[in-house]
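Colleague: I should like to take a close look at one single part of this model. Please keep to that part and its surroundings, and explain each term as you use it.

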Amino acid sequence: MSMVTLVLWAVLALVGLVLVVAAGRPDTFRVERSLLLPASGEQVLAQLQDFRRWAAWSPWEHIDPTMQRSYSGLDSGVGAVYAWTATGKAGAGRMQIREVEAQRLLIQLDFSKPFVAHNMVEFTWSPQGTDTQLHWAMYGPSPFVSKLMGLVFNMDKMIGRDFEKGLANLAAVLQSQSGGAAPI
């Protein structure tokens, strides 16, 4: 057997191994972060269920200067819709509030660019004295391409960092609304 043939077989075996490992990864994903916020649950909900308020704290609102936003449906709560399109990093997509409960808000998140994805975003919160513990999660299916990309990119770290930044931004917004100093 020639050296070229051996190298080709080795490359094929490596590609096959990568595909098998990717196929064995979970069929769903979940990324979640939480933070204690200096506000009541009602104040937190007011920020979350009105997409127009997201500009003050969302970590993705200013990543692409070409981003164009539109709002439809209700102003806030179940039925509120936020859509965006951009030629750069932000891509295009749409969010719609599906459920609002006493301590939970559920949003359907659909991306159309740079790739198609359909996920859910869930905010849950609980009172902690005069503060509120907020959990921010995104979850959904993990198709084969996502499983393959997950071998190289850690989605929990990538999205998790954005969630951490957004939660810190939200804490600062809530703190400024209460007239106090921003948390350190």
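Colleague: Is Asn 119 buried or exposed, and what is its relative accessible area?

Modeller: Asn 119 is buried, with a relative accessible area of 7%. Buried means under 20% relative accessible area, exposed means over 50%, and partly exposed lies in between, with a 1.4 Å probe and protein chains only. The model is predicted, so local features need pLDDT of at least 70 and side-chain atom pairs count only at pLDDT 80 or more, whereas totals for chains, interfaces and linings use all residues. Residues are numbered from 1 along each chain as its sequence is written, and side-chain values use heavy atoms, with hydrogens and water left out.

Let us first place Asn 119 in the chain. The chain has 184 residues, of which 37% count as buried. Its secondary structure consists of 4 helices and 7 strands, arranged along the sequence as α-β-α-β-β-β-β-β-β-α-α. These elements are DSSP runs numbered from the N terminus: helices are H or I with at least four residues, and strands are E with at least two. Asn 119 belongs to strand β6, which covers residues 117-128.

Next, consider the sheet. The 7 strands form an open sheet in the order β1-β7-β6-β5-β4-β3-β2, with antiparallel pairing. Strands β1 (28-37) and β2 (68-72) stand at the edges with a single partner each, so one side of each has no neighbour in the sheet. From one strand to the next, the twist averages 20°; here axes are lines fitted to C-alpha atoms, for helices over the stretch in contact, and angles run from 0 to 180 degrees between N-to-C directions. In general, strands of a sheet pair through backbone hydrogen bonds, either parallel or antiparallel. Two strands are taken to pair if DSSP finds at least two bridges between them.

In the sheet order, β6 has β7 on one side and β5 on the other. Strands β5 and β6 are antiparallel and share 8 bridges. A hairpin of 3 residues joins β5 to β6, and Phe 111 stands opposite Ala 117 of β6. Strand β5 (residues 104-113) in turn pairs with β4 (residues 92-101) in the antiparallel sense over 9 bridges. The hairpin between β4 and β5 has 2 residues, and Val 100 stands opposite Leu 105 of β5. Further along the sheet, β1 and β7 (residues 131-141) run antiparallel and are joined by 10 bridges. Phe 29 has Gly 140 of β7 as its bridge partner. Helix α4 (residues 155-178) lies across β1 and β7, at about 25° to β1.

With this picture in mind, which residues surround Asn 119? Leaving aside neighbours within four places in sequence, Asn 119 is in contact with Phe 29, Ile 107, Gln 108, Leu 109, Phe 111, Met 138, Tyr 139, Gly 140 and Pro 141. Contact means heavy atoms within 4.5 Å. Two of these partners, Phe 29 and Gly 140, are the bridge partners named above for β1 and β7. For the chain as a whole, residues 24 or more positions apart account for 50% of the contacts with a separation of 6 or more.

Leu 106 offers a useful companion case in strand β5. At 7% relative accessibility, Leu 106 counts as buried. Not counting residues up to four places away, Leu 106 touches Gln 96, Ile 97, Arg 98, Glu 99, Met 120, Val 121, Glu 122 and Tyr 139. Tyr 139 is thus listed for Asn 119 and also for Leu 106. The C-alpha atoms of Leu 106 and Ala 137 are separated by 9.7 Å, although the two residues are 31 apart along the chain.

Finally, charged side chains deserve attention. The structure holds 10 salt bridges, a salt bridge being a side-chain nitrogen of Lys or Arg within 4 Å of a carboxyl oxygen of Asp or Glu. Arg 30, Glu 32, Glu 99, Glu 101, Arg 104 and Glu 122 are linked in a network of them. Two members of that network, Glu 99 and Glu 122, are touched by Leu 106. Within the network, the side chains of Arg 30 and Glu 32 meet at 3.2 Å, N to O. Arg 30 counts as partly exposed at 43% relative accessibility, and Glu 32 is partly exposed with a relative accessible area of 33%. Asn 119, by comparison, is buried.
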